[in-house]
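Morning, everyone. Let me put the structure up, and then we'll go through it.

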Amino acid sequence: MTQTLLLGGVEAGGTKFVCGVADGDGRILEQVRIATTTPDETLAAVDAFFAGTAAAHGPLAALGVGSFGPLSLRPDAPDYGAITTTPKPGWSGANLLSHLRRTADTPTVLTTDVNGSAVGERLFGSGRGLDSFCYVTVGTGVGVGVMIDGRPHGGANHPEAGHIRTPRAEGDTAFPGACPFHGDCLEGLASGSAMQMRWGAPAETLPQDHPAWAMAAHYVASLCANLTYVLRPQRIIIGGGVMQPHLYDKVRRALIQQLGGYDASVRGLDMDDYIAAPSAGASAGLYGALALAYREATGDWPTDWMI
Ligand code: ZN
């Protein structure tokens, strides 16, 4: 019934842009991966992709975009839709929203990459059936998407819970932290970049009995404790390259300890269910962006996409 609806999605990451066009039933018609180099080069390739799909399939009904940030997301801000102070060279000030709106010449909705993935997980993965949950990625950086009452949360701008302050893990006193803005904020202590600097090797190459993992569990659990106290979500979904399969149970155990049995936070908490891995697959971000486009075009979330 909605097959004739044509939707565009862009998952804009610091390493690559994944662009796709789907019909209204969520079937991907075309998809491309483009390296994130300079804004001019990358966005020219994005433009070329959508010019090609427009020639082949016709105009888009809407375009959804989930992007790395920070982003300016308040509609009345003069730089609305721009990437703001990113350490990614050349991208600070690049206005993705106005560029892509011109490219696709269609209603375009922009949110953070983690919110895009949270939408994907809500519709197709570990957030199914949940109205309030957090989607955390612990990779090159640490990002947190917050869904409240079924909508990505934002106020004056989007939250940046990856940059909270957190107590240091026992014995972790010498490492100055890797965040270019705050030094030893959570991202500065726990991201994949921080682990690489601290241990001299990528996280995924460290053996399971390496002391890095107890420390990583302390920091990820500390983020989860803060999210629990502030939001008490129904679930915290954690993905990203640092989240090796053996780390989940270490995070659960550290979180139980950090919450200290405080009743309001632990009431009804089933830790195995509460801390979960993503399950919508590697395309959660692209499908999240396509679902945002669907909602922009129809007013509803898709209910019967099979991905
Ligand atoms: Zn920071």
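I'll cover the metal site, then one pocket.

This is a predicted model: local features need pLDDT of at least 70, side-chain atom pairs count only at pLDDT 80 or more, and totals for chains, interfaces and linings use all residues. Residues are numbered from 1 along each chain as its sequence is written, and side-chain values use heavy atoms, without hydrogens or water.

Metal first. Which residues hold the zinc ion as donors? His163 (ND1), Cys179 (SG), His182 (ND1) and Cys185 (SG), 2.0 to 2.4 Å from the ion. Donors here are N, O and S atoms within 2.8 Å of the metal (3.2 Å for Na, K and Ca); water is not among the atoms, so sites may look incomplete. Along the chain, the spacing reads H-x15-C-x2-H-x2-C. The site is tetrahedral, with angles of 102 to 121° among the 4 donor atoms. For four donors, that label requires all angles between 85 and 135 degrees. Cys179 and Cys185 are both buried, meaning under 20% relative accessible area (1.4 Å probe, protein chains only).

Now the second largest pocket. A pocket is an open set of points on a 1 Å grid where a 1.4 Å probe fits, with protein on both sides within 12 Å along at least five of seven lines; lining residues have an atom within 4 Å of a point. The lining has 17 residues, with Leu73, Leu110, Thr111, Pro152 and Gly154 nearest the centre. Where does this pocket lie? Between domain 1 (6–117 + 281–298) and domain 2 (128–276), because both give residues to its lining. Those bounds come from an automatic or database domain assignment.

Definitions and conventions. Four donors count as tetrahedral if all angles lie between 85 and 135 degrees; four count as square planar and six as octahedral if opposite donors are over 155 degrees apart and all others between 65 and 115; anything else is irregular. Buried means under 20% relative accessible area, exposed over 50%, partly exposed in between (1.4 Å probe, protein chains only).
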